[in-house]
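Got a minute for a quick look at this fold? Have the sequence and the model open, and let's talk it through.

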Amino acid sequence: MSDSSPELPAAVLEVWCELQCPDCRAALADLRALRARYGDRLELRLRHFPAEKHQHAFAAAQAAEEALEQGQGWPYIEAVLERVAELDRRGEPFLVEVAGELGLDAEEFDTALIDGRHILIVDADQAEGKAIGVSGTPTYVIGGERLDGSKSQEGLRERIEEIADRLLAGQQDA
């Protein structure tokens, strides 16, 4: 099989995340390490699972969708997660400010948060997460296996790597 099929990543890691979640912030190092190890062979796919206990989580999920639409999804997600405490304190103005810091269209972010254009995506993710048994964040789904990181991150990256390596080896055999 040749490497000339960029439209299909070899493996997909769904990351059920909430941008106001301290545990998701703690998981950033693992996500960065996975991206460094696999590059484009492992697609990280953000899935939203905002918790009611975090009052800005739903808006942050919508803002992340706007960042994805503007082509800076993961840089935005990481920037917000790095500053969870600031999001706690400042809410939506902080989300718009981060967009501006990254050179995104901050006015469009503000408008997206007001008009709710990304609400359906966030709602659909949350419903799907509940349906497959996601109960906290971060939760990962790869190769049909759900890994719950909301209790502990211990050993999760190694398990994800085992599954990704197996999936990638299977692709080479195809």
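**Sheet and helix 7**

Q: What is the strand order in the open sheet of four strands?
A: This is a predicted model, where local features need pLDDT of at least 70, side-chain atom pairs count only at pLDDT 80 or more, and totals for chains, interfaces and linings use all residues. Strands here are DSSP runs of E, at least two residues, numbered from the N terminus, and two of them pair if DSSP finds at least two bridges between them. The pairing in this open sheet is mixed, and the order is 2-1-3-4.

Q: Which are the edge strands?
A: Look for strands that pair on one side only. That picks out strand 2 and strand 4 (145-148).

Q: Which residue in strand 4 stands opposite Val141?
A: Strand 3 (residues 139-142) and strand 4 run antiparallel, joined by four bridges. Across from Val141 in strand 4 is Arg146.

Q: Why are Val122, Asp125, Gln126 and Gly129 on the same side of helix 7?
A: In helix 7, a DSSP run of H or I with at least four residues, these four are buried (under 20% relative accessible area, 1.4 Å probe, protein chains only; exposed is over 50%, partly exposed in between). They share a side because the directions from the helix axis to their C-beta atoms cover an arc of only 95°.

Q: Which residues are exposed on the other side of helix 7?
A: Residues are numbered from 1 along each chain as its sequence is written, and side-chain values use heavy atoms, leaving out hydrogens and water. What covers the buried residues includes strand 1 (11-17), strand 2 (42-48) and helix 2 (57-69). On the other side, the exposed ones are Leu120 and Ala131.

Methods:
Contact = heavy atoms within 4.5 Å.
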